[in-house]
Amino acid sequence: MPGGSISDDVTDPAPEAVSVEIPRIERVHDLLASISLDEFDPAVDLLPIERTDRFAALEETINLFARQLDLTVRDHRGTIRELEASRAALVDQLNTIEEQRAAIRTLSTPVVELWDDVLALPIVGLVDARRADDMVGELLQRVTQTRARCVIIDVTGVELVDTATAGHFLRLVATTRLVGTFCVITGISPRIAAAMTELGVDMAGTPTLATLKDGLKACFAHLGRGSAATKAT
């Protein structure tokens, strides 16, 4: 049977050699190849231990290494699967949160059709830049859809006003005017009026009225609908 030899010490001028058949060496090569190609199967690829010679000790060591490596790889794969599952769940949660945020933004910027040609935007709570952008977009969309000629911005539900918030209100008014829509602001409380005056906010040219009803009357007057204004009263 063809064979080879393995020396204990290549520096020894007369080393002790172990005779090893070529097929045993080829099996070691095949095992290492299966590991490198990620095709190792412990049930199939482990080296058969058929001898008790010194090369068999090496075969046992290689089998032990292969088993441990396989366990480590399986653990890593399990960890990767768990991480991927966690990532997918996190993505789903983030998508759900974003959908909820979008729904909240929509609910927080309701544009109501009060009458033919008259829309109202009731504002409640704080207004930041993001919410102001949503308001502008929603309002312009509804104005375009309904071809409304008047818009009432009602701030009855706003308790605090700073320079930025006042600027957002003015931007809403300016935006509606750019598309040719008559706009009034209603519901400015004495507290907000005082705050805006103290902040130096210039509301000149922007009709400001006490109540939503007053705003509706102003819109009817602008539209020339005196009889409708009387009914609204």
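## Cores and helix packing in a predicted model

In the protein chain, residues 24 or more positions apart account for 63% of the contacts with a separation of 6 or more. The model is predicted. Its protein chain holds 8 helices and 7 strands. Of the 233 residues in the chain, 29% are buried.

**The cores**

The largest nonpolar core has 26 residues. Ile123, Ile153, Phe169 and Leu172 have the most contacts inside this core. Strands and helices both feed it. The table lists the elements that give two or more residues to the core.

| Element | Residues |
|---|---|
| Strand E4 | 118-124 |
| Helix H4 | 129-146 |
| Strand E5 | 150-157 |
| Helix H5 | 163-178 |
| Strand E6 | 182-186 |
| Helix H6 | 190-199 |

Helix H4 supplies the largest share of this core, with 5 residues. Another core lies apart from the largest one. This other core has 10 residues, including Val18, Val20, Leu47 and Ile62.

Leu172 is one of the residues with the most contacts inside the largest core. Which residues does leucine 172 touch, leaving out those up to four places away in sequence? They are Leu121, Ile123, Met135, Val136, Leu139 and Ile153.

**The H4 and H5 pair**

Two packed helices are described by the angle between their axes and the distance between the axes. For H4 and H5, the angle is about 20° and the axes are 10 Å apart. H4 is therefore roughly parallel to H5, because angles under 35 degrees count as roughly parallel. Their crossing is right-handed.

Which residues of H4 meet H5? Ala129, Ala132, Asp133, Met135, Val136, Leu139 and Leu140 do so. On the H5 side, the partners are His168, Arg171, Leu172, Thr175 and Thr176. Sorted by class, this contact has 7 nonpolar, 3 polar and 2 charged residues. Leu172 thus appears in two settings: it is among the residues with the most contacts inside the largest core, and it is one of the H5 residues that meet H4.

**Serine 189**

Serine 189 sits in the loop between E6 and H6. Is serine 189 buried, exposed or partly exposed? Its relative accessible area is 26%, so serine 189 is partly exposed. The cut-offs behind that call are under 20% for buried and over 50% for exposed. Glycine 157 is 32 residues from serine 189 in sequence. In space, C-alpha to C-alpha, glycine 157 and serine 189 are 9.7 Å apart.

Technical notes. Residues numbered from 1 in each chain as written. Predicted model: local features only at pLDDT ≥ 70, side-chain atom pairs only at ≥ 80, totals over all residues. Heavy atoms only, no water. Core = buried A, V, L, I, M, F, W, Y, C linked by side-chain atoms within 4.5 Å. Buried < 20%, exposed > 50% of the residue type's maximum accessible area, 1.4 Å probe, protein only. Helix = DSSP H or I, 4+ residues; strand = E, 2+ residues; numbered from the N terminus. Contact = heavy atoms within 4.5 Å. Axes fitted to C-alpha atoms, helices over the stretch in contact; angles between N-to-C directions. Parallel < 35°, antiparallel > 145°, perpendicular 65-115°, else oblique. Left-handed = near helix turned anticlockwise from the far one by under 90°. Nonpolar A, V, L, I, M, F, W, Y, C, P; charged D, E, K, R; others polar.
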